[in-house]
Amino acid sequence: MKKAGMEAIKIKSRSDLEKIRKQINARMDGRTRIVVGLGTCGQAAGAQQVFDAIQREIEALDLKDVVLEATGCVGICQFEPVVEVYRPEQARTTYVRMTPERGVRVVQQHIQGGNPLAEFTIGAAQSGR
């Protein structure tokens, strides 16, 4: 069943993927998107507290060009809580094993300051850093 306004997308080539990426970037209208995994595993690991801390910091800094969203399971339960940051024309950054304090730092340093925190990313977690 399709939702209203949703149509099936057939991806046959890299150019099809590029077209979709451009459409998504256009919809974001230059805004940064922060997504917090709030599936059962995320909630059990404290993701709601991370979400709430990020929301408070966005409001405290009066960041109008930031969208905070919740999603279901991200699929990497061993790394929960997971926070993904999507910035226009940049690669996604996936932060793992987040805490409310780390969430605040992501907003301050990555979102506001433009400096991703590599030590909290999935790459650092996988390498044991």
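Here are some questions and answers about helix α3 and the core of a predicted model.

The model is predicted, so local features need pLDDT of at least 70 and side-chain atom pairs pLDDT 80 or more, while totals for chains, interfaces and linings use all residues. Residues are numbered from 1 along each chain as its sequence is written, and side-chain values use heavy atoms, without hydrogens and water.

Student: Which element gives the largest share of the largest nonpolar core?
Tutor: A nonpolar core is a set of buried Ala, Val, Leu, Ile, Met, Phe, Trp, Tyr and Cys residues joined through side-chain atoms within 4.5 Å; buried means under 20% relative accessible area, exposed over 50%, partly exposed in between (1.4 Å probe, protein chains only). The core here has 19 residues, and β1, α3, β3 and α4 each give two or more. Helices (H or I, at least four residues) and strands (E, at least two) are DSSP runs, numbered from the N terminus. The largest share, five residues, comes from α3.

Student: Why are the buried residues of α3 on the same side?
Tutor: Those buried residues are Ala47, Val50, Phe51, Ala53, Ile54, Glu57 and Ile58. The arc is that of the directions from the helix axis to the C-beta atoms. They lie on the same side of α3 because they cover an arc of only 165 degrees.

Student: Which exposed residues does the face turned away from the buried side of α3 carry?
Tutor: The buried residues of α3 are covered by elements including β1, β2 and β3. The face turned away from that buried side carries the exposed residues Arg56, Glu59 and Ala60.

Definitions and conventions:
Contact means heavy atoms within 4.5 Å.
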